[in-house]
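Here is a short tour for anyone who likes to read a fold piece by piece. Have the viewer ready and follow along.

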Amino acid sequence: MIPLRIKVEANADRPFVVRMRSFEAGARQQRAEQLNPFDVTLERVSSEGADYVGEGGSIRVLGIDPSKIDGDVLLVNPRRGTADRLIRSSSQHNTFLVTERCDQVCLMCSQPPKQHHVDLFPYFEAAALLAPEGATIGISGGEPTLFKAQLFGFLEKVLEARPDLSFHVLTNGQHFDQDDWGPMNRIDQGRVLWGIPLYSSDPAVHDEIVGKTGAHTQLMENLALLCRLGASIELRTVLMRPNAYGLPQLARFIATALPFIRIWALMQMENIGFGRMNWKILFYDSSDGFDVVGQSIDFVRTRGINARLYNFPLCTVPEPYHHLAPATISDWKRAYREECYGCALKPQCGGFFEWHPRNHGYSKFGALQ
Ligand code: SF4
């Protein structure tokens, strides 16, 4: 698995952000012109590590080849001797985990909520401003809108300073209100996609899945508000046994009550956190029971709504739907199986989450030669 946290040595009291730069020998002039105050440049590589120096601080990186982190933006924690790779320059899958707090307790949550919270928004802002040209950065939690003022301020500032960047914000949609008109209007909504879960058209089923009474009602109010605010919405539905057979009803509900969404994403489960604890009662074998998925997708698409399948191994999806199933599992947590060897679909397939069980649960699965 690609490491998101690496070992470092740094002589400082407090955390700081740096961008890692390597230059060919002899390119000193070019180097001076290209440097930003947050840049540290590679000076020396030895058996003890790779030494970087710069205005922002000097650090030694251990246990990873400098070529693998060139252009990365790190949040260095000197006391712990670690650095988090907030931005990996070669990756399309950079996400800032802004909090682990959440007011919902979803049955399949991959990141179960914790009470502890440290505000890292100033570091995220510095890191986003150093991101590669044209990057899309994910924002996730926990529930990011529990810290709405900081989140809105962050989005406004970064989007204004970097017209090339865009964001994908995962939120449970519970905390928007009328007071958000001002801050939401200052954010360029054309460059933010709000990923919001809706599990069922039946409020009781949705509320049971998210562990919060009244969540469905609040969500409907807030989706209407977001529509008026001009927000782009990706509605996300994790497929599970409690909601799978209600998908056709949900499709009809979306087409009639929520036709303004930009995309409806049906998602396979992730076997980690509560998802692992509840796997046996929740996992739905969509390779065998694709009919409800297919019908639901067909229904919304005939009404002009985009639909996508996220986290589905491609061989578990009937061929006519392959073009709707992009490789969505992030590079650092993606894995393939022995059965994938020689598979003709592998270049387009997102495979499995690294932690998906060995007994994968799909009755129809295997390499297409
Ligand atoms: S066999 Fe592996 S690579 Fe091929 S489609 Fe299935 S999961 Fe993807």
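## A guided look at the model

Asn311 sits in the loop that links strand S14 (306-310) to strand S15 (334-335). Please keep in mind that this is a predicted model. The backbone of Asn311 deserves a pause: its phi is positive, about 70 degrees, although the residue is not a glycine. As a reminder, most residues other than glycine have a negative phi. Is Asn311 buried or exposed? Its relative accessibility is 12%, so it counts as buried, the cut-off being under 20%.

A second backbone feature is found at Gly141 and Gly142, where the peptide bond from the one to the other is cis, with omega near 20 degrees. In general, most peptide bonds are trans. Gly142 belongs to the loop between S9 and helix H3 (148-161).

Strand S9 itself covers residues 136-140, and 4 of its 5 residues are buried. Its partner is strand S8 (residues 94-97), which pairs with S9 in the parallel sense over 4 bridges. Within this pair, Phe96 stands opposite Ile139 of S9.

Now to the barrel. Which order do its strands follow? There are 7 strands, closing in the order S1-S5-S4-S3-S2-S6-S7, with mixed pairing. Neighbouring strands of this sheet are turned against each other by 40 degrees on average, direction ignored. Strands S6 (residues 73-77) and S7 (residues 82-87) run antiparallel and are joined by 5 bridges. One of the partnerships is that of Val76 with Ala83 in S7.

The two strand pairs described here can be set side by side:

| Strand pair | Sense | Bridges | Facing residues |
|---|---|---|---|
| S8 (residues 94-97) and S9 | parallel | 4 bridges | Phe96 and Ile139 |
| S6 (residues 73-77) and S7 (residues 82-87) | antiparallel | 5 bridges | Val76 and Ala83 |

Another loop to visit is the one between helix H1 (28-34) and strand S3 (39-46), where Pro37 is found. With a relative accessible area of 48%, Pro37 is partly exposed. Pro37 and Glu55 are 18 residues apart in sequence, and their C-alpha atoms are 5.7 Å apart in space.

Finally, the ligand. The space it takes is the largest cavity. Around the ligand are Pro313, Leu314, Cys315, Tyr336, Cys340, Cys343, Leu345, Lys346, Cys349, Phe365, Gly366 and Ala367. What classes make up this shell around the ligand? It has 10 nonpolar, 1 polar and 1 charged residues.

Methods
Residues numbered from 1 in each chain as written. Predicted model: local features only at pLDDT ≥ 70, side-chain atom pairs only at ≥ 80, totals over all residues. Heavy atoms only, no water. Near = heavy atom within 4 Å. 1 Å grid on protein atoms, 1.4 Å probe; cavity = no way out; pocket = protein on both sides within 12 Å on 5 of 7 lines; lining within 4 Å. Sits in = over half its atoms within 2 Å of the grid points. Nonpolar A, V, L, I, M, F, W, Y, C, P; charged D, E, K, R; others polar. Pairing = 2+ DSSP bridges. Helix = DSSP H or I, 4+ residues; strand = E, 2+ residues; numbered from the N terminus. Axes fitted to C-alpha atoms, helices over the stretch in contact; angles between N-to-C directions. Buried < 20%, exposed > 50% of the residue type's maximum accessible area, 1.4 Å probe, protein only.
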